[in-house]
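Here are some exercises to work through with the structure open beside you. Try each task on your own before you read its solution.

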Amino acid sequence: MGDVTTGQPMIRVSHLTRRYGRAVAVDDLSFEIGRGEIVGFLGPNGAGKTTTMRILCGFLAATSGDVEIAGHDVHRDPIGVRRHIGYLPERCPLYSDMRVDEFLRFRAALKGVPARQMRERVEAVKEQCGLTDVGRRIIGQLSKGYCQRVGLADALVHEPELLILDEPTIGLDPTQIRQTRDLIRSLAARHTILLSTHILPEVEAVCRRVLILDRGRLVASDSTDRLRQLRRGIVRVTAELKTAPHEDPGTAFAVLPGVRTATADKDGEWRRVRLECEPGADPRSDIFRVAVEHGWTLREVRMEENRLEDVFIALTSGGGSSAGETPERSDS
Amino acid sequence: MRSFGVLLRRELGAIFLSPMAWTALTFFLAVMGTSFWMLLDLLSRGAERTEGGEVIGQLLGSIFFWLALLIVAPVITMRTIAEERRSGTFEMLMTAPVRDGTVVLAKYTAALLFYAVLWLPTLIYPLTLRLLRPFGAPLDGGALAAGYLGVMLIGAAAIAAGVFTSSITRSQVTAALGAFAIICVFFLAGFLPYIPHGETVARTAHYASGVSHLLDFARGVVDTRPIAFYLINTAWLLWATVRMTEARRWK
């Protein structure tokens, strides 16, 4: 798989199942993540991402199955496991009555950072996360973006080998999203990262490998590039042109070599034709030739790239992928 | 045990920086001050019962103590765990390398320390009595210490009950009402020995009667049975609280 796995994997999940009463949140999930990998954990809302991450951190117990982090069993050695993990929970809950410095020192001490390294570590993560100016501010008065950074600083403060980040960019503005992604990429050199999101460009921008979860099941686990190629079978071409009202460009294009289907719809006086073609076909020059023969004005011929989104929708059967539809159970 | 110290400091900070704490202190001192004022009034009118022990019983073991405890213990403890679960900070806390027991114990200890701080200003009442000497003999120091011991023991159990109810719900109001109900039932059951029910009932009820325990302590009677009673109740309530926080993983 081209993983950077050396020896023992960082995360080993085997046959993990988690039920809430009768509802199955995670269903027989198995995967491994090697040291140094950056893995995107993808899936529609309610797919079981947060549940899985909470189990990895020992906040929830598994109904059945085993989880090992850096060789420690989550169930038998929860404290040992947590020492290796820096966890950023969803929505980033922090003690809003504390000051940033005070909170980071508290968390560092709680996570066993020795007193002599305290100042150095807190200053280092503040620098890393862009918090140097807000050390004296009370967390409850910070903006969402800053809260997220404090949460990230907290996750980093004890220099964990593994970072588990649950929706690290949710609720941020575009600039902050870019900054957070850059920060995560810069962390990749020294940490193994598991990052959940339902925003696809995020995964394409940051991760080298993707796990796709749907209704508690693992539906794909592969590198970002290979997943994109999964759908390389079908070639999609879109053409926009102007024809006489009675003419139907769809039927004219449908007979071209390699074209399976062609459907036309109207956009004002322009028509947009969508073609699905055989693998490896490229009907673009034929489209131009036909348009010239008929005397049609052609303004665009475009071959679509395979996007991860298509793969995602195909794999998760498009169900429940719109945001905020099935709120993930946030029990604690 | 470093994490216990770290957590305790955080919890104390959270209590002492909250307006709730100062409201509770004001309420508590208003109630205990009224109690003391009524006691002084009683003494100045030359009441019969001016024996030292009785005075301490009036001071520490009256209905005012129970009124204060019924309000103050739920208010101190209601946010301890319920609020962390409601706001989600519990997830952050419990994914740090700390044991559930350490977290519960730190929260409990902080609440108990605050309860002790509430009582500190009331030391001025016996001090005043000692200086004024409204009755013949000086105030019995031993009985006073025993009275405060009783106050702390009952408080320790009441606060354990409050931390427990805070662990079973996300709502602070529910937690407070739960603790209030437990302490209230315990307080009312304390009157059982004083109601004619027959010898057996009265003697049995005496073992669990906070009202009579406290009056005994205030007379200087330090009996190991009530001490064990409160320590055991505190212990199992805290144990149940730890089990509740552990059970949350399985829900």
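Domain bounds here come from an automatic or database domain assignment. Keep in mind throughout that this is a predicted model.

**Exercise 1. Getting to know chain A**

Task: Describe the make-up of chain A, and find how many Å separate the centres of domain 1 and domain 2 of chain A.

Solution:
- Step 1. Begin with the secondary structure: chain A contains eleven helices and 14 strands.
- Step 2. Look at the domains next. Domain 1 of chain A covers 11-229 + 311-315, and domain 2 covers 235-305.
- Step 3. Taken over C-alpha atoms, the centres of these two domains are 46 Å apart.
- Step 4. Now turn to burial: 52% of the 332 residues of chain A count as buried.
- Step 5. Finish with the contacts in chain A that have a separation of 6 or more: 69% of them come from residues 24 or more positions apart.

**Exercise 2. Where the two chains meet**

Task: Work out how many residues of chain B are in contact with chain A, and which residues of chain B lose the most area there.

Solution:
- Step 1. Count the residues on each side: 26 of chain B are in contact with 35 of chain A.
- Step 2. Consider the area. About 2,800 Å² is buried between the chains, and carbon and sulfur atoms give 57% of this.
- Step 3. On the chain B side, the residues that lose the most area to chain A are E91(B), M92(B) and P97(B), which together make up 26% of what that side buries.
- Step 4. Add the polar links. Between the chains there are 14 residue pairs in polar contact, both residues being at pLDDT 80 or more.
- Step 5. Ask which helices take part: α1 (2-16), α5 (82-87) and α6 (89-94) of chain B each supply at least two residues of the side that touches chain A.
- Step 6. Sort that side of chain B by class, and you get eleven nonpolar, five polar and ten charged residues.

**Exercise 3. A close look at E91(B)**

Task: Decide whether E91(B) is buried or exposed, and find which residues E91(B) touches.

Solution:
- Step 1. Place the residue: E91(B) sits in helix α6 of chain B.
- Step 2. Compare its relative accessibility with the cut-off. Buried means under 20%, and E91(B) has 5%, so E91(B) counts as buried.
- Step 3. List the neighbours. Leaving aside residues up to four places away in sequence, E91(B) touches R54(A), F59(A), Y87(A) and P89(A).
- Step 4. Pick out one of these neighbours: the side chains of E91(B) and Y87(A) are joined by a polar contact of 2.5 Å.

**Exercise 4. A covered helix**

Task: Find how many residues of helix α3 of chain A are buried, and what the buried residues pack against.

Solution:
- Step 1. Helix α3 of chain A runs over residues 100-110, and nine of its eleven residues are buried.
- Step 2. Among the buried ones are V100(A), F103(A), L104(A) and F106(A), as well as the charged D101(A) and R107(A).
- Step 3. Follow the packing: the buried residues of α3(A) meet α4 (115-128) and α5 (144-156) of chain A, together with α1 and α6 of chain B.
- Step 4. Look just past the helix, where G112(A) takes a positive phi of about 85°.

**Exercise 5. Salt bridges**

Task: Explain why the salt bridge of D97(A) and R10(B) joins two chains, then examine two further pairs.

Solution:
- Step 1. Start with the totals. The structure holds 33 salt bridges over all chains, and two salt bridges are counted between chain B and chain A.
- Step 2. In the salt bridge of D97(A) with R10(B), the closest N and O atoms are 3.2 Å apart. D97(A) lies in the loop between β6 (85-88) and α3 of chain A, while R10(B) lies in helix α1 of chain B, so the pair joins two chains.
- Step 3. Compare the exposure of the partners: D97(A) is partly exposed at 38% relative accessibility, whereas R10(B) is buried at 7%.
- Step 4. Move to D101(A) and K126(A), whose closest N and O atoms are 2.7 Å apart. D101(A) is in helix α3 and K126(A) in helix α4 of chain A, so this pair ties together parts 25 residues apart in sequence. Both D101(A) and K126(A) are buried.
- Step 5. End with K107(B) and E84(B), a salt bridge of 2.8 Å between the closest N and O atoms. Salt bridges with shared partners link E11(B), R79(B), E84(B) and K107(B) into one network.

Methods: Residues are numbered from 1 along each chain as its sequence is written. Chains are lettered from A and ligands numbered from 1 in the order in which they are written. This is a predicted model: local features need pLDDT of at least 70, side-chain atom pairs count only at pLDDT 80 or more; totals for chains, interfaces and linings use all residues. Side-chain values use heavy atoms; hydrogens and water are left out. Contact means heavy atoms within 4.5 Å. Buried area is the accessible area (1.4 Å probe) that two parts lose on being put together, summed over both. A salt bridge is a side-chain nitrogen of Lys or Arg within 4 Å of a carboxyl oxygen of Asp or Glu. A polar contact is a pair of N or O atoms within 3.5 Å; within protein, one must be able to donate a hydrogen and the other to accept it, and residues adjacent in sequence count only if both atoms are side-chain atoms. Helices (H or I, at least four residues) and strands (E, at least two) are DSSP runs, numbered from the N terminus. Buried means under 20% relative accessible area, exposed over 50%, partly exposed in between (1.4 Å probe, protein chains only).
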